[in-house]
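Trainee: I'd like a close look at one part of this model, the salt bridges. Please take them one at a time and tell me what they sit against.

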Amino acid sequence: MAVLEVLKYPNPALRKETSEVTEWDGKLKKLISDMWETMYLSKGVGLAAPQVGIPMKLVVIDYEGDRYVVINPEIIEEDGAERSNEGCLSFPGIYEDVTRPTRVRVLYTCEKGERRDVIVEGFLARVFSHEIDHLRGRLMIDYLSPLKRGFLKKKMEKAAREGE
Ligand code: CO
């Protein structure tokens with residue numbers, strides 16, 4: 001296993017188009033285990049492949065021991081809306097209120113190549129929504145007011161310049 005570099009906003013890789021996973025090979029297996037290791041070391045609950053510079057539809061999630069490897073996901077139902085605080089490994093130290101669905105139904109393929117159909121609620125629905133957003137280049141900052149977004153963008157650009 002290896003710890004991968006987590007890319008921070010405004011790295012352009014976070015906005016890239018992602019492709020479907022098509023090969024269930026050793027390379028995918030290694031990427032998944034590296035992503036787990038990277039996520040645990042960073043103390044995150046979720047990590048999406050674009051955050052480690054891999055433009056693929058792959059996410060790992062561990063919420064209180066419920067582990068999900070989510071490949072080629074599609075959100076097919078969303079209900080409810082709740083505004084709550086969230087963070088992102090690509091925005092270290094930044095926590096903002098974001099409105100997300102309270103219940104999400106997701107179709108995806110697991111690491112064994114089997115198709116799954118799950119319904120997740122509450123905080124886990126937030127995590128799935130946040131991580132699946134990463135696969136289409138959508139970031140938590142996009143949900144904020146233009147004023148707040150501008151402020152955070154400047155702050156993150158400054159941190160990137162200073163090599164933080
Ligand atoms: Co994130």
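Mentor: One yardstick before we start: a residue is buried under 20% relative accessible area, exposed over 50%, and partly exposed in between. Keep in mind, too, that this is a predicted model. The count of salt bridges comes to 15, and I'll pick out a few of them.

Start in helix H1, which covers residues 26-41. The side chains of Lys 30 and Asp 34 meet there in a salt bridge, 2.7 Å from N to O. The two residues are 4 apart in H1, about one turn of the helix. What about their surroundings? Lys 30 has a relative accessible area of 45%, so it is partly exposed. Asp 34, at 5%, is buried. So this bridge has a buried acid, because 5% falls under the 20% limit.

Now compare the pair in helix H3, residues 146-161. Lys 153 and Glu 157 form a salt bridge at 3.0 Å, N to O, and these two are also 4 residues apart, about one turn of the helix. Lys 153 is partly exposed at 37%. Glu 157 counts as partly exposed too, with 26%.

The next bridge leaves the helices. Arg 115 and Glu 74 meet through their side chains at 3.2 Å, N to O. Here the pair links distant parts of the chain, since Arg 115 belongs to strand E7 and Glu 74 to strand E3, 41 residues apart. Both ends are partly exposed: Arg 115 has a relative accessible area of 44%, and Glu 74 comes to 41%. Then there's a set that goes beyond a single pair: Glu 77, Asp 79, Arg 103, Arg 105 and Asp 117 are linked in a network of salt bridges.

To place those strand residues, look at the sheet. It is open, has 5 strands in the order E1-E2-E3-E6-E7, and pairs antiparallel. Its edges are strand E1 (46-48) and strand E7 (115-121), each of which pairs on one side only. From one strand to the next the twist averages 40 degrees. Strand E6 (residues 103-109) runs antiparallel to E7, and 7 bridges join them. One register point to check by eye is Val 104, whose bridge partner in E7 is Val 120.

What lies across this sheet? H1 crosses E1, strand E2 (58-63) and strand E3 (66-79), at about 40 degrees to E2. That is the helix with the Lys 30 and Asp 34 pair. Helix H2 lies across E1, E2, E3, E6 and E7, and runs at about 160 degrees to E2.

The nonpolar side of the story goes with those strands. The largest nonpolar core has 17 residues, and those that touch the most other members include Ile 61, Tyr 68, Val 70, Val 106 and Phe 128. E2, E3, E6, E7 and H2 each give two or more residues to this core, with H2 giving the most, 5 residues. Apart from this core lies another, of 16 residues, among them Leu 47, Ala 49, Val 52 and Ile 71. For a feel of the packing, centre your view on Tyr 68: its contacts include Trp 36, Val 59, Tyr 108, Leu 124 and Phe 128.

Charged residues also turn up in the hairpin strands. E4 and E5 pair antiparallel over 5 bridges, and Glu 82 stands opposite Arg 100 in E5. Along E5 the side chains alternate: Glu 96, Val 98 and Arg 100 point to one face and are buried, while Asp 97 and Thr 99 point to the other and are not.

The metal site picks up from here. The cobalt ion is coordinated by Cys 88 (SG), His 130 (NE2) and His 134 (NE2), at 2.0 to 2.2 Å. Cys 88 lies in the loop between strand E4 (82-86) and strand E5 (96-100), and His 134 in helix H2 (residues 123-134), so this pair ties together parts that are 46 residues apart in sequence. Both of these donors are buried, Cys 88 at 10% and His 134 at 2%. In sequence, the donors are spaced C-x41-H-x3-H.

Terms used
Residues numbered from 1 in each chain as written. Predicted model: local features only at pLDDT ≥ 70, side-chain atom pairs only at ≥ 80, totals over all residues. Heavy atoms only, no water. Donors = N, O, S within 2.8 Å, 3.2 Å for Na, K, Ca; no water. Buried < 20%, exposed > 50% of the residue type's maximum accessible area, 1.4 Å probe, protein only. Pairing = 2+ DSSP bridges. Axes fitted to C-alpha atoms, helices over the stretch in contact; angles between N-to-C directions. Contact = heavy atoms within 4.5 Å. Core = buried A, V, L, I, M, F, W, Y, C linked by side-chain atoms within 4.5 Å. Salt bridge = Lys/Arg side-chain N within 4 Å of Asp/Glu carboxyl O. Lists of a residue's contacts leave out its neighbours within four places in sequence.
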